[in-house]
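Biologist: Please show me the model. I would like to go through the labels on it and ask for the reasoning behind each.

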Amino acid sequence: MAPYKGLLRFAFVLLLILGALWFVWFDSYSLVRRAQWEREFMELREENIRLRAEIKDLQIRMASPVSDETIERIAREQYGMRKPDETVYRVEE
């Protein structure tokens, strides 16, 4: 039985190493994948916080009435609209 003792110990250690490798890398819920999921979760949580703040800002902006000067400025700058009998020169940077 003595010659098999070393072989059993080697097989046991090899089995532990293979099990650890499987647990760390190859399993569908491995430590590597869990770390990736945790990182993605934190990124999505930060994006969610940022988007909620942006939504609140937009709701505040929507609650206040838009002046006629603002509408005219947006129409001129973004849509290139003009008043009748007016010549507009576009200057591009």
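**Labels and their reasons**

Modeller: Let us start near one position. Val88 sits in the segment after α3. This is a predicted model.

Biologist: Why is Val88 called partly exposed?

Modeller: Its relative accessibility is 43%. Buried means under 20% and exposed means over 50%. Val88 falls in between, so the label is partly exposed.

Biologist: Where does Val88 stand with respect to Arg76?

Modeller: The two are 12 residues apart in sequence. Their C-alpha atoms are 9.3 Å apart in space.

Biologist: How do you know that the span of helix α3 agrees with its number of residues?

Modeller: Helix α3 covers residues 68-79, which is 12 residues. At 1.5 Å a residue, the expected span is 16 Å. The end C-alpha atoms are 16 Å apart, so the two values agree.

Biologist: What comes just after α3?

Modeller: Gly80 does, with a positive phi of about 65°.

Biologist: What is the overall pattern along the sequence?

Modeller: It reads α-α-α. The protein has 3 helices and 0 strands.

Biologist: How does the radius of gyration compare with that of a compact globule?

Modeller: A compact globule of 93 residues would have a value near 12 Å. The protein has 33 Å. The C-alpha atoms fill a box of roughly 105 × 30 × 20 Å along the principal axes.

Biologist: What share of the residues is buried?

Modeller: Buried residues make up 2% of the 93 residues. The accessible surface comes to about 9500 Å². Carbon and sulfur atoms account for 62% of that surface.

Biologist: Why is Ser30 called buried?

Modeller: Its relative accessible area is 0%. The cut-off for buried is under 20%, so Ser30 qualifies. Ser30 lies in the loop between α1 and α2.

Biologist: How far is Ser30 from Val91?

Modeller: They are 61 residues apart in sequence. In space, C-alpha to C-alpha, the separation is 57 Å.

Biologist: What makes the contact of Arg50 and Glu54 a salt bridge?

Modeller: The N to O distance between their side chains is 3.7 Å. The limit is within 4 Å, so the pair passes. By this rule the count comes to 1 salt bridge.

Biologist: Where do Arg50 and Glu54 lie?

Modeller: Both are in helix α2, residues 31-63. They are 4 residues apart, about one turn of the helix.

Biologist: Why is each of the two called partly exposed?

Modeller: Arg50 has 46% relative accessibility, between the 20% and 50% limits, so the label fits. Glu54 has a relative accessible area of 40%, so the label fits there as well.

Biologist: How many charged side chains does the protein have?

Modeller: There are 15 positive and 16 negative side chains. The centres of the two sets lie 13 Å apart.

Biologist: What makes Ala20 partly exposed?

Modeller: Its relative accessible area is 41%, which is neither under 20% nor over 50%, so Ala20 is partly exposed. Ala20 is in helix α1, residues 2-26.

Biologist: How far apart are Ala20 and Trp37?

Modeller: Along the chain, 17 residues. Their C-alpha atoms are separated by 20 Å.

Terms used
Residues are numbered from 1 along each chain as its sequence is written. This is a predicted model: local features need pLDDT of at least 70, side-chain atom pairs count only at pLDDT 80 or more; totals for chains, interfaces and linings use all residues. Side-chain values use heavy atoms; hydrogens and water are left out. Helices (H or I, at least four residues) and strands (E, at least two) are DSSP runs, numbered from the N terminus. The expected span of a helix is 1.5 Å times one less than its number of residues. The radius of gyration is taken over C-alpha atoms; the globule rule is 2.2 Å times the number of residues to the power 0.38. Buried means under 20% relative accessible area, exposed over 50%, partly exposed in between (1.4 Å probe, protein chains only). Accessible areas come from the Shrake-Rupley method with a 1.4 Å probe; for residues, only the protein chains shown count as cover. Lys and Arg count as positive and Asp and Glu as negative; His and the chain ends are not counted. The place of a charge is taken as NZ of Lys, CZ of Arg, CG of Asp or CD of Glu.
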